[in-house]
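Visitor: I'd like a close look at a single strand in this structure. Could you walk me through its surroundings and its partners?

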Amino acid sequence: MTADCIIRPARPADLDAIWSLVRRAVAHMNALGNPQWGADYPTKAHYQADLERGELFAAAGPEGQLLGVACINGTEAPEYAAVPWSYRGPVRSIHRLAVDPAVQRQGIASAFFAFAEAQARAAGCGAVHLDTYCRNDRMQALLVRLGYIRRGEVHLHDRPLPYPCYEKCL
């Protein structure tokens with residue numbers, strides 16, 4: 001399914017709506033048995049910093065309503081150095097992707113991935129790298145459908161279980 005949305009740079013006026021959306025997404029993930037995010041991560045300050053760096057993007061619906069959010073940049077977590085990536089040059093990474101539970105499974109996350117891949121190609125990057133929590137079965141299934149390959153795993157945010165890392169070479 002293709003989402004009826006546009007991906008645009010987030011604006012300072014979006015921050016409160018973004019944070020509300022993220023809190024709903026966290027509650028939904030936890031209800032599905034995925035404790036990937038909690039009170040400690042991500043915080044509103046993470047999204048504020050992403051916004052200030054110009055790395056925060058919003059999915060907006062036909063009437064401008066906020067449907068999702070993600071940080072997309074060329075920065076990888078230090079833990080990624082140990083992952084046996086196929087591509088080791090400049091990449092785009094996706095961080096803190098959240099979709100409003102009311103519109104999940106409607107192509108919003110896929111639109112973010114298409115946007116990140118286009119952004120990577122335009123910047124001359126050879127791949128997109130990201131991680132997700134091992135209990136985030138829905139995201140892992142989406143990544144496989146979109147052609148991402150699992151390359152390893154890392155431990156992040158003091159969580160006991162690993163974060164599988166995925167790569168799509170462009």
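Guide: Happy to! Let's take strand β3, keeping in mind that this is a predicted model. On one side, five bridges join β3 to strand β4 (residues 91-99), and these two run antiparallel. Within that pairing, C71 stands opposite H95 of β4.

β3 also pairs with strand β2 (residues 56-60), again antiparallel and again through five bridges. Here A60 of β2 faces L66 of β3 across the pairing. The hairpin that β2 and β3 form has five residues between the strands, and in it G64 adopts a positive phi near 85 degrees.

With those partners in place, consider how much of the strand can be reached from outside. Burial here means under 20% relative accessible area. Eight of the eight residues of β3 (residues 66-73) are buried, so the strand is largely enclosed by the rest of the structure. As a reminder for reading the side chains, in a regular strand they alternate between the two faces of the sheet.

Now to the largest pocket, which holds about 1,100 Å³ of space. It is lined by 50 residues, and Q36, L97, T132, N136 and M139 are the closest to its centre. β3 is one of the elements that give two or more residues to this lining, together with β4, β5 (127-131) and the helices α1 (15-31), α3 (108-122) and α4 (137-145). By character, the lining residues divide into 25 nonpolar, 13 polar and twelve charged. To sum up, β3 is a strand with eight of its eight residues buried, joined by bridges to β2 and to β4, and it contributes to the lining of the largest pocket.

Key: Residues numbered from 1 in each chain as written. Predicted model: local features only at pLDDT ≥ 70, side-chain atom pairs only at ≥ 80, totals over all residues. Heavy atoms only, no water. Buried < 20%, exposed > 50% of the residue type's maximum accessible area, 1.4 Å probe, protein only. Helix = DSSP H or I, 4+ residues; strand = E, 2+ residues; numbered from the N terminus. Pairing = 2+ DSSP bridges. 1 Å grid on protein atoms, 1.4 Å probe; cavity = no way out; pocket = protein on both sides within 12 Å on 5 of 7 lines; lining within 4 Å. Points joined across faces, edges and corners; volume = space filled by probe spheres on them. Nonpolar A, V, L, I, M, F, W, Y, C, P; charged D, E, K, R; others polar.
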